[in-house]
Amino acid sequence: MQTDKQQALYKNIHQDVIDRCRKGEQKAQFQIYKLYYKAMFNTSFRIVNDRMEAEDIMQEAFLKAFDKIHTYSGKVSFGAWLKRIVINHSLDELKKKKIELDSLEDSVYNPEEEEKAEEEEEETEIWNKVEEIREAINGLPDGYRIVLSLYLLEGFDHEEIAEILNMTSSTSRSQYTRAKNKLREELAKNRNKK
């Protein structure tokens, strides 16, 4: 149960639903799930790069969140708290499987109908670049790739990444800088090969 002081730390727009989840109300849990499942799926997918696995991780993370909702202190938004659970669970699964991960958000430029032919060509070019970046990210060592993903794609700062990965914030910064430099090198190498 939150104290008044804890509730004052962060005002959630869905606080009433969160409070109902604390009471074990399944309708409220379903409401929370509907609010956050897409974002949590995308977060997990960017880390594990497998849709089925990301789906499983997301669902397990929600179950864990509902089980541990009494530990949510309100120091950060509920979404940030939930995202941390999803990220940690995704990283744990990755460690278990010792699989290389890449994390690049799927994004496609959606052309307008009247310029379809020209835009399809542009879309192909974009996909080629996305694929090129994805492959370059796949080639990064795990530590670089994870820090790069958490910083660039998930929006965490280096202090948060340090806490998540149990490292110092300066290590996070240096890993990020090295990852960016390595990514640039790999992209330049790939372009020179063409």
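Axes here are lines fitted to C-alpha atoms, for helices over the stretch in contact, and angles run from 0 to 180 degrees between N-to-C directions. Helices (H or I, at least four residues) and strands (E, at least two) are DSSP runs, numbered from the N terminus. The model is predicted, so local features need pLDDT of at least 70 and side-chain atom pairs count only at pLDDT 80 or more, while totals for chains, interfaces and linings use all residues. Residues are numbered from 1 along each chain as its sequence is written, and side-chain values use heavy atoms, with hydrogens and water left out.

**Exercise 1. Get the overall layout: how many helices and strands does the protein chain have?**

Step 1. Count the elements: the protein chain has nine helices and zero strands. Along the sequence that reads α-α-α-α-α-α-α-α-α.

Step 2. Check burial, where buried means under 20% relative accessible area, exposed over 50%, and partly exposed in between (1.4 Å probe, protein chains only). Of the 194 residues in the chain, 39% count as buried.

Step 3. Look at contacts, meaning heavy atoms within 4.5 Å. Take those between residues at least 6 apart in sequence: 64% of them join residues at least 24 apart.

**Exercise 2. Describe how α2 packs on α3.**

Step 1. Start with the geometry. Two packed helices are described by the angle between their axes and the distance between the axes. Helix α2 (residues 15-22) meets α3 at an angle of about 130 degrees, and the axes are 8 Å apart.

Step 2. Classify the angle. Under 35 degrees counts as roughly parallel, over 145 as roughly antiparallel, 65 to 115 as roughly perpendicular and the rest as oblique. So α2 is oblique to α3.

Step 3. Assign the handedness. A crossing is left-handed if the near helix is turned anticlockwise from the far one by less than a right angle, and right-handed if clockwise. For α2 passing α3, the crossing is left-handed.

Step 4. List who touches whom: Val17, Ile18, Arg20 and Cys21 on the α2 side meet Lys27, Ala28, Gln29, Gln31 and Ile32 on the α3 side. For the classes, Ala, Val, Leu, Ile, Met, Phe, Trp, Tyr, Cys and Pro count as nonpolar, Asp, Glu, Lys and Arg as charged, and the others, Gly among them, as polar. The contact of α2 with α3 then has five nonpolar, two polar and two charged residues.

**Exercise 3. Now work out the two packings of α5, with α4 and with α3.**

Step 1. Take α4 (residues 51-67) against α5 (residues 78-97): the angle is about 130 degrees and the axes lie 9 Å apart. That makes α4 oblique to α5. The crossing is right-handed.

Step 2. Pick out the residues. Those of α4 in this contact include Glu53, Ile57 and Phe62, while among those of α5 are Trp81, His89 and Glu93. By class, the contact of α4 with α5 comes to eight nonpolar, two polar and five charged residues.

Step 3. Zoom in on Glu93 in α5. At 16% relative accessibility, Glu93 counts as buried. Skipping neighbours within four places in sequence, Glu93 is in contact with Glu53 and Ile57.

Step 4. Switch to α3 (residues 26-48), which packs with α5 at about 35 degrees, axes 9 Å apart. This crossing is right-handed. The contact of α3 with α5 has eleven nonpolar, four polar and one charged residues.

**Exercise 4. Is Ser172 buried or exposed, and what does its side chain pair with?**

Step 1. Place Ser172: it sits in helix α9 (residues 169-193). With a relative accessible area of 0%, Ser172 is buried.

Step 2. Find the partner. A polar contact is a pair of N or O atoms within 3.5 Å; within protein, one must be able to donate a hydrogen and the other to accept it, and residues adjacent in sequence count only if both atoms are side-chain atoms. The Ser172 side chain makes such a contact with the side chain of His158 (2.8 Å).

Step 3. Add the surroundings: not counting residues up to four places away in sequence, Ser172 touches Val147, His158, Ile161 and Met167.

**Exercise 5. Find the backbone oddity at Asn166.**

Step 1. Recall the background: most residues other than glycine have a negative phi.

Step 2. Compare: phi of Asn166 is near 55 degrees, a positive value in a residue other than glycine. Asn166 lies in the loop between α8 (158-165) and α9, and is exposed at 74% relative accessible area.
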